Amino acid sequence: MERSRFGFRPWRPRSLKARQLTAASASLVAFLMLAGFALDRAFAETAEANLRQRLKSYAMAYADNIDFGRDGSLYTPELGPDPRFHRPGSGLYAEVVMPSGHWASLSAEGPLLPEVAGQLEPRQERFDGPLAITQIDGSQGEVYRYGIGLVWAERGPDNEFPYTIFVMEDAQTLAAQVRVFRAALWVYLGGAGLFLLLLQVVILNWSLRPLQRVIAELVRVQRGQLQRMSERHPRELEPLTESINALIESEREHLDRQRNTLADLAHSLKTPLAVLRTQLDAGKDEGGVREVALRQELDVQLKRMNDLVSYQLARAASGGHKLFSAPVPIESTAEEIVRGLEKVYAAKNVLCEFDVAPGVQFYGEAGDLQELLGNLLENAFKWARHRVLLTARPGPSAPNRRAGLQLAVDDDGPGIAVEDVAKVLQRGVRGDERVQGHGIGLSIVQDLVRDYRGELQVTRSTELGGARFEVTLPPGL
């Protein structure tokens, strides 16, 4: 392992292409080796079976053509089933074993053939090999031997006698066939393996091309050449590209929100600062009474600037959310908020009821849920006469996504007129332009719902008669 200035370099995993190519190549080589071994064994067994069948045909040909005399002597045909039986040391031999003697073909003159243990039972077959023999030149060799037991019965059942025919062939014939087959087999398998390996590289490049396009698009996004990832990708990569797009949009919105917050804060502070500058310039010449008025105006404007800074920071803090956040229980969070509101609005004696489905959860940041529930419940407590109702239900769902959420807060207050809903939910640009009576809480709720790609509706509560704020969040990543 190479060393860097600070020690060993961390091990770098192989690329997906290298992994797949290595695994596929190893599998291909293993498959070709197993296939070659199986084909080789199949051919060897088939060739051996063919050899046995050939030797048996020779033996049966001798059985059809030989004859016996009255004294049991053997008469053989002048020509055997193959000319090699009449050529000494040809590699093809025949023997006939009888109760009264033994006969061998001309080809058996010279070589020292394996000894015959005896006759076989009628219709008994035996295939042996390879068996050692000594050739005419004294060298060692091997043969395969086939034997079959027969009965001579042409002189009647009382004079029948058994005999056995053995046919042998040099083992080099079978070995030569196997060698030729193996040479051709590995040449063809090697060629097929090379072709499949090249085809595998082509298929691998083709199958990884969508992933390479994703990487290329991501590089272009990083360089600012694209605003987001395209949507034309295979189904397997869609969750990845959708998550990247969501992250890009969240980061872009977060940056825009920070810029808007700073711009709103600077714009909001211009008027109080201008008033202070005017009062300070006027107080230089007048003094006395003017100094008291200046202090009062300074206190008012400083309080106003503090409210503006708090408002803009609250808006900035409430915007944006992390992807893949752990689920947050709703009921326990709401109970904690309601306990605090009951102390603040103890004089109104407001009763808050819960209608929360078992196991319903909020998939996002805990701070966002606190801001969302806190502002909705505080607004309800502020305008309610005696009752507030919090409802939480699982929202819409989608395959391979986390379930959505439906939240609703009802009160028995005066409600909100239809024509005033747009004003209530209007996004404040300057702190002193907010709708009276609702504070900045509903603006924060509106921003939070928009950040989670949700929807906020303000209607008349059918159960309590006051206002109903209903939040619907879509399925999350």
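# A tour from S107 to the second sheet

Begin by selecting S107 and S105, whose side chains are joined by a polar contact of 2.8 Å. A polar contact is a pair of N or O atoms within 3.5 Å; within protein, one must be able to donate a hydrogen and the other to accept it, and residues adjacent in sequence count only if both atoms are side-chain atoms.

This is a predicted model, in which local features need pLDDT of at least 70 and side-chain atom pairs count only at pLDDT 80 or more, while totals for chains, interfaces and linings use all residues. Residues are numbered from 1 along each chain as its sequence is written, and side-chain values use heavy atoms, with hydrogens and water left out.

**Stay at S107**

S107 sits in the loop between β6 and β7. Helices (H or I, at least four residues) and strands (E, at least two) are DSSP runs, numbered from the N terminus. Is S107 buried or exposed? S107 is buried, its relative accessible area being 0%. Buried means under 20% relative accessible area, exposed over 50%, and partly exposed in between (1.4 Å probe, protein chains only). Now add what S107 touches, leaving out residues up to four places away in sequence: R84, F85, R87, P88, G89, S90, L92 and Y93. Contact means heavy atoms within 4.5 Å.

**Along the loop to R123**

R123 also belongs to the loop between β6 and β7. R123 is exposed, with a relative accessible area of 62%. Its phi is positive, about 65°, although R123 is not a glycine. Most residues other than glycine have a negative phi, and most peptide bonds are trans. For an example of a cis peptide bond, select G129 and P130: the bond from G129 to P130 has omega near -5°. P130 is found in strand β7.

**The antiparallel sheet**

Next, show β5 to β9. They form an open sheet of five strands in the order β6-β5-β9-β8-β7, with antiparallel pairing. Two strands pair if DSSP finds at least two bridges between them. Which strands stand at the edges? They are β6 (101–104) and β7 (125–134), each with a single partner strand, so one side of each has no neighbour in the sheet. On average, neighbouring strands of this sheet are turned by 25° against each other, direction ignored. Such angles run from 0 to 180 degrees between N-to-C directions, with axes as lines fitted to C-alpha atoms, for helices over the stretch in contact.

Within the sheet, β7 pairs with β8 (residues 140–152) in the antiparallel sense over eight bridges. R126 has G147 of β8 as its bridge partner. Now add helix α1 (residues 16–65), which packs on the sheet and touches β5 (92–98), β6, β7, β8 and β9 (161–170). The direction of α1 makes about 135° with that of β9. Helix α2 (residues 171–222) lies across β7, β8 and β9, and runs at about 45° to β9.

**The mixed sheet**

Move on to a further open sheet of five strands, with the order β11-β13-β14-β16-β15 and mixed pairing. Here β11 and β15 stand at the edges with a single partner strand each, so one side of each is left without a neighbour in the sheet. The twist averages 15° from one strand to the next.

How many bridges join β11 (residues 351–356) and β13 (residues 387–394)? These strands pair in the parallel sense over six bridges, and C352 stands opposite V388 in β13. By contrast, β13 pairs with β14 (residues 405–411) in the antiparallel sense, over seven bridges. Two positions to select in β14 are L407, opposite A392, and Q406, opposite R393.

Helix α5 (residues 330–344) packs on this sheet, touching β11, β13 and β14, and its direction makes about 175° with that of β11. Helix α6 (residues 366–383) lies across β11, β13, β14 and β16 (467–473), running at about 20° to β14.

Then select R453, in the loop between α8 (441–451) and β15 (455–460). R453 has a positive phi of about 60° although it is not a glycine, and R453 is partly exposed, with a relative accessible area of 40%.

**Zoom out and colour by confidence**

The protein has eight helices and 16 strands, and 36% of its 477 residues are buried. Mean pLDDT is 78, with 76% of residues at 70 or more; pLDDT is the predictor's confidence in each residue, from 0 to 100. Finish at residues 428–439, where pLDDT stays under 50 and the model has 25 contacts beyond four places in sequence. Where pLDDT is low, the predicted coordinates should not be read in detail.
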